[in-house]
Amino acid sequence: MKEQPTVIDIFCGAGGFSQGFKEAGYSILAGVDNWKPAVDTFSRNHKKSIGLEADMRSLTVGQLKTLVSEAKVNVVIGGPPCQGFSMGGNRNPADPRNSLFREFIRIVKGMAPDFFVMENVRGLLSLKLVDSKMTFGEKILHDFNSIGYRTTIHTLNAANYGVPQKRQRIFFIGVNRRQAEKAILPPVPTHSEHPTNGLKPWVPSKQFLLPPQKVSKRFYYSERMINGFIRRKKKNAERNIGFGWQFLDFSKPSNTISARYWKDGAEALVKYSNKKIRRLTPSECARLQSFPKNYKFCGSEREIYTQVGNAVPPLLARRIAENLLNYF
Ligand SMILES: C[S@@+](CC[C@H](N)C(=O)[O-])C[C@H]1O[C@@H](n2cnc3c(N)ncnc32)[C@H](O)[C@@H]1O
């Protein structure tokens, strides 16, 4: 393909997904999200793209086409909210957020791109719809196939693509049957925990951590909080629920950083000693998600943690985007 392939990103958040596609040479026409801080971040870092603050439940295909001046859209990408599916969430099949994938399917149907890539959490594959034997995964596959897209689901771990974070997510990747009959294969991993055959070793988290003296005191936990964590971990173990706090192994990619990291960071803490424990700063989280160093986030600290934890790691998105170029 001679011209730059074009992309629209719906539920764009801070633009992690778009960033990867941009790095792979695509032109991001527009990003849409209903959360102002995220749209501000998207617009600030994607200056050639249109950032639109809008609710995807009411945005019509016609409005989207007008927004991009009726340009041909080659790829629709996006990550509809996943809180209702997440193993860390309530997993309620009736959670209204679970139906936002329908907006993604509606937009794909209306825009008729050559490809789409939709990201989500693995919990979606096992959760059953209300009053149905079908899982959300099966239903979504069925719906994409019925609008003419050969669709496959890939479970990818970001660490296997050079991201300094263990993060498993699913990607529905579809190709318009008019474009190609071949299903899309997943991108070939570049990194491995146990590298052989030319693969590189997983990227360790330590490369992206600030030196301890450069981290503001407010990120360090007091003795009282540390004792609270210890009590909670013990209680959780007795009741056989949750993990309690978890520490980074500096020689490995970080644990998954979720959108809830702002609460107490328990999923990925930095431990220097039993008394010196801290959470990651927002910029460390962004780097562990493979955002470029100069990526600027908008909003409060809590909003920035949320945007970062929500994102598709740009480096993983880039590998997916580069792989897709083979099918144009
Ligand atoms: C998982 S995040 C997307 C992250 C993004 N793909 C990235 O890589 O940075 C989901 C996004 O959907 C947005 N969202 C939730 N409900 C929405 C709605 N009804 N309309 C538009 N955006 C919505 C949230 O504000 C959030 O930014």
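The following exchange asks how several statements about this predicted model are justified.

User: What makes domain 1 and domain 2 the two parts of this protein chain?

Analyst: The division comes from a domain assignment, which gives domain 1 as 6-195 + 313-325 and domain 2 as 205-299. The C-alpha centres of domain 1 and domain 2 lie 28 Å apart, and the contact takes 24 residues from domain 1 and 20 residues from domain 2.

User: How do you know how much area is buried between domain 1 and domain 2, and which residues of domain 1 lose the most area?

Analyst: The buried area is what the two parts lose on being put together, summed over both, and for domain 1 and domain 2 this comes to about 1800 Å², with carbon and sulfur atoms giving 54%. In domain 1, the residues that lose the most area to domain 2 are Pro164, Gln165 and Lys166, together 34% of what that side buries.

User: Which kinds of pairs does the rule find across the interface of domain 1 and domain 2, salt bridges or polar contacts?

Analyst: Across this interface the rule finds zero salt bridges, whereas it finds 13 residue pairs in polar contact, with both residues at pLDDT 80 or more. On the side of domain 1 that touches domain 2, the elements that give two or more residues are helix 1 (16-23), helix 2 (36-45) and helix 10 (314-325). The largest share, five residues, comes from helix 2, and by class that side of domain 1 has eight nonpolar, nine polar and seven charged residues.

User: Why is the pair of glutamate 23 and arginine 318 called a salt bridge?

Analyst: The rule asks for a side-chain nitrogen of Lys or Arg within 4 Å of a carboxyl oxygen of Asp or Glu. The side chains of glutamate 23 and arginine 318 meet at 3.8 Å, N to O, so the pair satisfies that cut-off. The pair links distant parts of the chain, with glutamate 23 in helix 1 and arginine 318 in helix 10, 295 residues apart. The structure as a whole holds 13 salt bridges.

User: What makes aspartate 55 a polar contact of the ligand?

Analyst: A polar contact needs a pair of N or O atoms within 3.5 Å. A polar side-chain atom of aspartate 55 lies 2.9 Å from a nitrogen atom of the ligand, so this pair falls within the cut-off. By the same cut-off glycine 15 qualifies, because one of its backbone N or O atoms lies 3.3 Å from an oxygen atom of the ligand, and so does glycine 16, at 3.1 Å from an oxygen atom of the ligand.

User: Which residues surround the ligand most closely?

Analyst: Of the 20 residues that surround the ligand, the closest are Phe17, Asp33, Asp55, Met56 and Val312.

How values were computed
Residues are numbered from 1 along each chain as its sequence is written. This is a predicted model: local features need pLDDT of at least 70, side-chain atom pairs count only at pLDDT 80 or more; totals for chains, interfaces and linings use all residues. Side-chain values use heavy atoms; hydrogens and water are left out. Domain bounds come from an automatic or database domain assignment. Contact means heavy atoms within 4.5 Å. Buried area is the accessible area (1.4 Å probe) that two parts lose on being put together, summed over both. A polar contact is a pair of N or O atoms within 3.5 Å; within protein, one must be able to donate a hydrogen and the other to accept it, and residues adjacent in sequence count only if both atoms are side-chain atoms. Helices (H or I, at least four residues) and strands (E, at least two) are DSSP runs, numbered from the N terminus. Ala, Val, Leu, Ile, Met, Phe, Trp, Tyr, Cys and Pro count as nonpolar, Asp, Glu, Lys and Arg as charged, and the others, Gly among them, as polar. A residue is near a molecule or strand if one of its heavy atoms lies within 4 Å of it.
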